[in-house]
Amino acid sequence: MFSPFVKKLMFARQFNMEDGKIEFLGDRELLLPVGLVTEFQAFDEDKTYLLAKKSCIAELERMTAKLGVKGPELVKNLTEIYEAFGLGRIEIKDFDVKNGRAIINISDSPVARDYIRKNKSSKHETCNFIAGMLAGIGESIFNKNMEAKEVKCIAKGDSVCQFIVK
Ligand SMILES: [Zn+2]
């Protein structure tokens with residue numbers, strides 16, 4: 001089910017899928033299998049994190065300029081965009097604006113699900129790509145260097161994937 005914000009974007013043709021193209025806020029996007037992300041991670045976890053973070057920051061710079069909103073409304077819009085891209089459901093557990101720190105829960109991470117499908121379970125957290133995306137989102141919102149660390153993961157038996165972003 002799309003959120004009202006994403007429905008509004010679709011109605012305004014700012015989120016569009018036709019003629020072999022996916023366009024979001026005027027830019028081309030690509031629907032890729034999540035297996036590609038987990039393969040990248042298996043190849044190099046740290047580089048996957050850094051690439052996700054770097055590309056997320058660049059994308060969000062363009063997106064936030066087009067959305068023209070700030071503060072809590074920007075956070076809400078970015079949360080809905082994140083979910084529309086299939087990255088899992090976000091729950092903000094703690095959002096400390098003063099100290100630039102957040103605790104984020106992601107339900108049903110597609111990266112962890114793909115990991116479980118291939119390897120059954122893991123002894124460590126598996127969502128480097130998601131952590132990179134959240135670091136990029138955090139950096140865009142707090143406007144300072146941010147890193148995200150996954151501390152709970154469904155691949156190792158936790159009920160959610162949890163990230164400390166600071
Ligand atoms: Zn995870």
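In this predicted model, an open sheet of 3 strands is arranged in the order E1-E2-E3, and its pairing is antiparallel. Strand E1 (15-18) and strand E3 (27-29) are the edge strands, each of them paired on one side only. On average, neighbouring strands of this sheet are turned by 30° against each other, direction ignored.

The pairings within this sheet can be followed strand by strand. E1 and E2 pair in the antiparallel sense over 4 bridges, and the bridge partner of Asn16 in E2 is Glu23. These two strands, E1 and E2, form a hairpin with 2 residues between them. In the turn of that hairpin, Asp19 has a positive phi of about 55°. Strand E2 (residues 21-24) also pairs with E3 in the antiparallel sense, over 3 bridges. Ile22 has Glu29 of E3 as its bridge partner, while Phe24 stands opposite Asp27 in E3. E2 and E3 likewise form a hairpin with 2 residues between them, and here the turn residue Leu25 has a positive phi of about 50°.

Ahead of this sheet in the chain, Ala12 has its place in the loop between helix H1 (4-11) and E1. Ala12 counts as exposed because it has 10 C-beta neighbours inside 10 Å, and a residue with 12 or fewer is classed in this way. The C-alpha atom of Ala12 is separated by 33 Å from that of Ala148, and the two residues are 136 residues apart along the chain.

Attention now turns to the helices. In helix H2 (residues 34-43), the residues Val37, Thr38 and Gln41 are buried. These residues lie on the same side of H2, because they cover an arc of only 95° around the axis. The face turned away from this buried side carries the exposed residues Leu36 and Phe43. Among the elements that cover the buried residues of H2 are helix H3 (45-67), helix H5 (110-119) and helix H6 (128-142).

Two of these covering helices also meet each other. Two packed helices are described by the angle between their axes and the distance between the axes. For H3 and H6, the axes come within 7 Å and cross at roughly 35°. The crossing in which H3 passes H6 is right-handed. On the side of H3, the residues that make the contact include Tyr49, Leu50, Cys56, Ile57 and Leu60. On the side of H6, they include Phe129, Ala131, Met133, Gly136 and Ile137. Sorted by class, the contact of H3 with H6 has 12 nonpolar, 6 polar and 3 charged residues.

A further open sheet is formed by 4 strands in the order E4-E5-E7-E6, and the pairing is again antiparallel. Strand E4 (89-96) and strand E6 (148-152) stand at its edges; each has a single partner strand, so one side of each is left without a neighbour in the sheet. Neighbouring strands of this sheet are turned by 25° against each other on average, direction ignored.

At one edge, E4 is joined by 7 bridges to strand E5 (residues 101-107), and the two run antiparallel. Within this pair, Phe95 stands opposite Ala102 in E5. The hairpin of E4 and E5 has 4 residues between the strands, and Gly100 takes a positive phi near 60° there. At the other edge, E6 pairs with strand E7 (residues 161-165) in the antiparallel sense over 4 bridges. The bridge partner of Lys149 in E7 is Ile164.

Two loop residues complete the account of backbone angles. Asp108 lies in the loop between E5 and H5, and its phi is near 55°, a positive value in a residue other than glycine. Asp108 is exposed, with 12 other C-beta atoms within 10 Å. Asn143 is found in the loop between H6 and E6. Although Asn143 is not a glycine, it has a positive phi of about 60°. Asn143 counts as exposed because it has 9 C-beta neighbours inside 10 Å.

Conventions. Residues numbered from 1 in each chain as written. Predicted model: local features only at pLDDT ≥ 70, side-chain atom pairs only at ≥ 80, totals over all residues. Pairing = 2+ DSSP bridges. Axes fitted to C-alpha atoms, helices over the stretch in contact; angles between N-to-C directions. Buried ≥ 20, exposed ≤ 12 C-beta atoms within 10 Å, placed from the backbone. Arc of directions from axis to C-beta. Contact = placed C-beta atoms within 7 Å. Left-handed = near helix turned anticlockwise from the far one by under 90°. Nonpolar A, V, L, I, M, F, W, Y, C, P; charged D, E, K, R; others polar.
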